[in-house]
Amino acid sequence: MTSWPSHYPTSCPPDNAAPATCVIYRFTSRATINPKDFQSYYDRNPQDEWGGMACQARGLSVYPSIQACEDVAEKVPSLKKKKLAEGMLQQSHGKLAATPSDNSPSHMTWWISAGCPNPTTFFTNTASWGI
């Protein structure tokens, strides 16, 4: 059975989240992937009151394809300056759910399980990124 970090609220990840068994993409800030690239909003600001977003704030924003990343970067120009990392998730890495946003119908949230290895060990920067 998958275990979750102790700071996850009850019912997080949500019931509609599925085991993560696919390739996903994440915007990063560095040419060399760093653990800071995999911090959730909650990790960065645990003192904040997240209200109805408490569960989603503990997950990471990811996308199912390079095309989805390009599409959202067209709507959010600051993302064009970011790097793009690709990772192959396995069931033990956590769960994913579709969490569409105004800027991206393809947006997903990845909740990392307590037993997941550091994502820097299975994510790589993709050379095919660049708008």
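**Close-up views: disulfide, free cysteines and pocket**

**View 1. The link of Cys12 and Cys55 is right-handed, with 85 degrees about the S-S bond.** The sulfurs of this disulfide lie 2.1 Å apart (a disulfide is a pair of cysteine sulfur atoms within 2.5 Å). Cys12 sits in the segment before β1 (18–19), and Cys55 in the loop between α1 and β3, 43 residues apart. Helices (H or I, at least four residues) and strands (E, at least two) are DSSP runs, numbered from the N terminus. The structure holds 1 disulfide. This is a predicted model: local features need pLDDT of at least 70, side-chain atom pairs count only at pLDDT 80 or more, and totals for chains, interfaces and linings use all residues. Residues are numbered from 1 along each chain as its sequence is written, and side-chain values use heavy atoms, with hydrogens and water left out.

**View 2. Cys22 is in no disulfide.** The nearest cysteine sulfur, that of Cys69, is 12 Å away. Cys22 is partly exposed, at 26% relative accessible area (buried is under 20%, exposed over 50%, partly exposed in between; 1.4 Å probe, protein chains only).

**View 3. Cys116 is in no disulfide either.** Its nearest cysteine sulfur belongs to Cys22, 13 Å away. Cys116 is buried, at 13% relative accessibility.

**View 4. Nonpolar, polar and charged residues line the largest pocket: 11, 13 and 6 respectively.** Ala, Val, Leu, Ile, Met, Phe, Trp, Tyr, Cys and Pro count as nonpolar, Asp, Glu, Lys and Arg as charged, and the others, Gly among them, as polar. The largest share of the lining, 3 residues, comes from β2. A pocket is an open set of points on a 1 Å grid over the protein atoms alone, where a 1.4 Å probe fits, with protein on both sides within 12 Å along at least five of seven lines; lining residues have an atom within 4 Å of a point.
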